[in-house]
Structures are given as structure tokens and as C-alpha cells.
Amino acid sequence: MCGIVGYIGEGQAADIILDALKRLEYRGYDSSGIATLEQNALHLTRAVGKLSHLEAALQSKPQAGQIGIGHTRWATHGGVTEANAHPHVAGNKVAIVHNGIIENYAELKTELQAKGHEFSSQTDSEVLAHLFLDALGQGQTGSAAMQAVLAKIKGAFALAVMLQEAPDQLFVARNASPLAIGIEDGLICVASDAMAMAHLTRNVIYLKDGDYAALGVDDVQIYDRDGQRANREVIRTTASPALIDKGGFRHFMEKEIHEQPEAIAHTISAMTAADGALRTGLSEADLSDIQHLVILAAGTSNYAGQIGRYWLEDIAGIPVSVETASEYRYRAPAHLAGGAVIAISQSGESLDTLMALRHAREKGMKVIAIVNVPESSIAREADVILPTRAGPEIGVASTKAFTAQLTVLFALAVDFGRAKARLSAEDVAELQQKLLAVPGAVGAAIASFEQVQPVAQHLKKTPSCLFLGRGRLYPLALEAALKLKELSYIHAEGFAAGEMKHGPIALIEDELPVICLLDEDTLSAKTISNLKEAEARGATIILIATQTIAKQVDFASFKVVIEDCDPLLAPIILAVPAQILAYQTAFEKGTDVDQPRNLAKSVTVE
Ligand code: M6R
């Protein structure tokens, strides 16, 4: 997390960097800052809170300079204060911005303090500024200082450094955290995401792990981790240069909920061959050779993977395990021959998922990635990319990326089922037709905003609630609970409905909201019994369900009902009212829907 930007050119650096930071605010919004260099002097403006606070500070005190660096922060080490905001400056000679975590910062800080360095923040990042100052004090050049600093630090990082003694250069480095360099006539820029500078240039270099570079206009010197000059390809980025707006909606999340029919339809159409057949893009050899799958993902993407497991096992008969990415890497998972991993990530930058993917690759596994950002780190490291075509997702809470991930996973199950001859041509055609009906069904489900309103009014007053589901709707219950807690800050837990009697039922007391996701399938009678057990103990039952089965639950206090749909695809369609419930409850509570507290869209720390 955290977004970093650097710029050298003919424009006013502070204005250009601020504009780029607006495109990176999804990476963190605890504080922000910009440093520029002008007439041999470093200028610094920092502000706590949203970027609008930094903008206001710069308006009241403009900052000159044609070279600068900027940062938007998601706090890791040290509270949300101006002193902890980046850029960090040392000796009025060095300014740095950093994304990631310097794991050995404490010992480095102690060493530097022993040498007389004084620190003004609680961050790990400030250590970098002082390490540079120390190296420069020993007469090293910018590049040599960078090499010396990199030799000392441990962790995942992307950093940009501006030196008073080198007013035409920026020094940058990366290890596991993303960093892109943009090159154009008369300017050079860097950013955590090519999207932040796509309006300045389409020519982008992605540094490799361990690389560092000295950058000037028309002068790019890249070195690998051994200090050898390295050539890195310049690519034309496909990142969108447009600054995305809310298109008349109250929030990006509301807009993104409404964009789901289109996102799903685009995702299906990208998986449709010229002859109309459903093809995910996985080769026929892979589809028949891969014998089992390990899904690696975090948060909402993990829940998509858990739903996908039901389809892959049921439709294709492939054994699947779904792993919490942050845990997988630190276990000693037994790797069976003939398997592949599927890394699922909206951003393609979640460090936990990236590291888990690398771990699996080291064990010799093929890596398939389901990602929404085609130039992301996970996409670039995968053997096969199965893209979701959801378009940029700005709201921190994932909505359209989730349903697009489910769409790819369902298609993948069908593709495996076909290639492994588990499905007949008629079965495949029937499943494809079912999938093609999903965008329309999702569009109809979006109309549940009105039905959700009284439920949101009720929920906003509650400190805690439970979500229940069975079968394919169990992981959706987990996702619905995550959505509600991250947006409204209401404590919410998801459970498999059948698991309630094994312990969680003890939580039920008078009027505890129990929200059940229900459709008409083989398990629905059992789920209704589980709900009855909750109701008998005083719970307030809230149903999010398809029409016919909803009629059987006459004891629910609230119902959000959508049209009947094929149970196989119900998780995609029922996800919509669950998202709307989280959205409306947060709206009613007045929380920050698009940028909930403590969160960031792209989580690039472990
Ligand atoms: O970009 P990714 O899909 O890898 O992100 C994974 C999680 O951080 C993400 O899904 C998170 O849980 C969202 N805030 C959920 O709405």
C-alpha cells in the first residue's frame, strides 16, 4: 500500500504530482505529501487525511520546482500524524518516499542514532532518508548511495529519492512492491501504478525485483541487484489515462454495483471464441493435464475462490484447495505432481498473493492468474492470465471485480469439464446459456436497492450480526459479512448455516440480526431448519433470497427477494443484494463508503 510518485520535467512538479496522487489515493489515504527542489532548496508540504487536505495546503502555500516526489500513505509504522507523513527529509539534503516495510528498520535506526542522526517520525521509512544522508556524507554519488542503502535494508519496498546535490535526477528502487517508470520527451516520471502517469506518457518500464535506477530527462540508468547495468524493456501501457469519475452516482461503489451486468458481459465475451464457444484461454493441454488446483487469494478474492471450488469440483471433478495467501507461504504445503495454482486478485498487487504465487512456483507449480489489472505484478509473473474485464474498480470494497472473478471461475469449471470429457457438448451448451443469462439477472437484482432500505435502517442500529449460507452460498455469507464490516464497521460474521449448532448459536440473543442467503436447491430445506433454530432463540431473521423459496420462510422479519435463478449461478446474482445491503447500511450510518477507515484498495505489505 501507499502510493509513490516522482516527476522531472518542464511543468510545475507539485501540480503534476498532486494530479498523479489523486489517481493513487486508492492505495492509502491516511496522509499525503509532496517535496520539490528549487534553487537548491527542498520544499515540503504534508497533510493528514485525504488528499484534499494536501491540495488545500498547497493552494494556500504554493510550492515551486520542476522536480519532485509525492506520497499517499497507508500507515504501517507510526500513527496517522503529519510527522509520520511522507516525504521524509534528512539534513535538508535528502527527501524520500517509500511504499512497503523495512523489516530491519529498528536496528538500522539504533545504528544511525549512535552516529548522531536525529529522527522526527516513528516510521520505518525515515531510516531510508538517514541511510542516504549517511552514505552521501561518505562522499558517495546518488547511485552508489542507493546501492549501499539497498545492501543494508530488508523487506518489500519501492522508493524514490530526491537529493539536493543532484537537482536533475531521481533515484528509485524496488523489491516486491510495484514501481513503474514513465518516459516521454522532456519528462521522466515514476509511480506505483502506471495508471497514475498514463496521462503523461504511455511509455513505461517496469523494474524487476532488486533493480535500482538513476533517472534524468533523456537519461535512464538501470542497475540490477548486483549493481550491473541492466536493460529493461519499454512497453506501451494499456492503463487508462482517464481520471475516473462517479458518473452521477453518490459513490464509486454505487457506480460499480451498477456496472456489474456490463463487467460480467465483457468478461464472458472475452472468453468467447470466434465460433461462439466458451473458452477461457487455458490451453487444451493444460485443461487436460492439470489434475488438481490450489487457489491462492486474499479477502474477497479468496471468497470468490471458495465459491469457485464448488463449481470446479462439481462441474469438472477437479480436486481444489483454497488457501489464504498470507498463510500458504509460511506453511509447508505438500505439493502433488500435476497441479497448478490459480492466484486470484483484483489489483494483481496483493503482496500476500504475489508471495504465495512465488512460493508455489518455486515448488514447480504452473501459475494461472485471474486478475483485473493486466499490467499488475501478479499478471506479469503468471504463466497464464485469465483476465476479468470489470474495468477499474475504485471503491475499496470489491464488487464488480468479485462477480467478474466468479464469472471466470464458472467458465473455467465448464472449460475443464469439457476438456476432461466430463461434460457432453449439450451440457457445455446448457451451462454456457446459463452463464449468458447472468448479466440480465444481475441487472434485475440491482433493482433491490428499495427493498434493502428498511433492512439498512434496521441494521445501522445494531452492533453485531451473523450471515448464514450453505453450499455455494456459504462462502457468499463470508463475503457478505466482510462487505458489511469493512463498510459500516458493524461486527459481522459469516457461518455455514449447518455449523451454527456446533457453537455459534450461543451468540444468539434477542433481536440479533441473522441474515440468511438462500436459494432453491437441495440444501434449502436444511438451511430453513437452521434458521428456525435461530429464530426460536430470539434472532431477527433477515432473508436475502430468490422468490420461490423466500415464500417458505414466513418467519423472517425482513426479506430482500430477487427473481428465481439457476441455483448453480445464484452466488453471482445473490451477491448483488448483499453488496447493496452493505452499501446502504454504511450510507445510513454515514461512514466513508469508498474509503473506509484503516483500509486501502491495494495491499502491498505483508
Ligand atoms: O486486489 P486483491 O483482490 O488481491 O485484494 C484482496 C483483498 O485485499 C480485497 O479483496 C479486500 O478484501 C477488499 N477490501 C474486499 O472488499
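Which residue follows helix 20, and is its phi positive or negative? The views below come from a predicted model, and the first one takes up that question.

**View 1. What comes right after helix 20.** The residue to look for is G590, which follows helix 20 and has a positive phi, near 80°. Now step back to the helix itself. With 20 residues at 1.5 Å a residue, helix 20 should span 28 Å, and its end C-alpha atoms sit 29 Å apart, so the two values agree. Most of this helix is tucked away: 17 of its 20 residues are buried, so the rest of the structure largely encloses helix 20.

**View 2. L599 and a partner from far back in the chain.** Keep going past helix 20 (570-589) and you'll find L599 in the segment after it. Is L599 buried or partly exposed? Its relative accessibility is 24%, so L599 counts as partly exposed, given that buried means under 20%. Check out W74 as well: 525 residues separate W74 and L599 along the chain, yet their C-alpha atoms are 7.7 Å apart.

**View 3. Helix 1, wrapped up by its surroundings.** Helix 1 runs over residues 13-24, which makes 12 residues. From its first C-alpha to its last, helix 1 reaches 16 Å, close to the 16 Å expected at 1.5 Å a residue. Nine of those 12 residues are buried, so helix 1 is largely enclosed by the rest of the structure. Among the buried ones are A13, A14, I16, I17 and L18. Further along the helix, A20, L21, R23 and L24 are buried too.

**View 4. Close contacts to the ligand.** Here we zoom in on oxygen atoms of the ligand. S301 puts a polar side-chain atom 2.6 Å from a ligand oxygen, and S345 also has a polar side-chain atom 2.6 Å from an oxygen of the ligand. Q346 joins in with its backbone instead: an N or O atom there lies 2.7 Å from a ligand oxygen. How much of the ligand does the protein cover? On its own the ligand has 410 Å² of accessible area, and the protein covers 89% of that.

**View 5. The whole shell around the ligand.** Zooming out a little, 15 residues surround the ligand, and the closest are S301, S345, S347, S350 and E486. By type, the shell splits into five nonpolar, eight polar and two charged residues. Helix 9 (299-316) and helix 17 (473-488) are the elements that give two or more residues to this shell. Domain 2 (274-436) and domain 3 (446-589) each supply at least three of the shell's residues.

Definitions and conventions. Residues are numbered from 1 along each chain as its sequence is written. This is a predicted model: local features need pLDDT of at least 70, side-chain atom pairs count only at pLDDT 80 or more; totals for chains, interfaces and linings use all residues. Side-chain values use heavy atoms; hydrogens and water are left out. A residue is near a molecule or strand if one of its heavy atoms lies within 4 Å of it. A polar contact is a pair of N or O atoms within 3.5 Å; within protein, one must be able to donate a hydrogen and the other to accept it, and residues adjacent in sequence count only if both atoms are side-chain atoms. Accessible areas come from the Shrake-Rupley method with a 1.4 Å probe; for residues, only the protein chains shown count as cover. Helices (H or I, at least four residues) and strands (E, at least two) are DSSP runs, numbered from the N terminus. Ala, Val, Leu, Ile, Met, Phe, Trp, Tyr, Cys and Pro count as nonpolar, Asp, Glu, Lys and Arg as charged, and the others, Gly among them, as polar. Domain bounds come from an automatic or database domain assignment. The expected span of a helix is 1.5 Å times one less than its number of residues. Buried means under 20% relative accessible area, exposed over 50%, partly exposed in between (1.4 Å probe, protein chains only).
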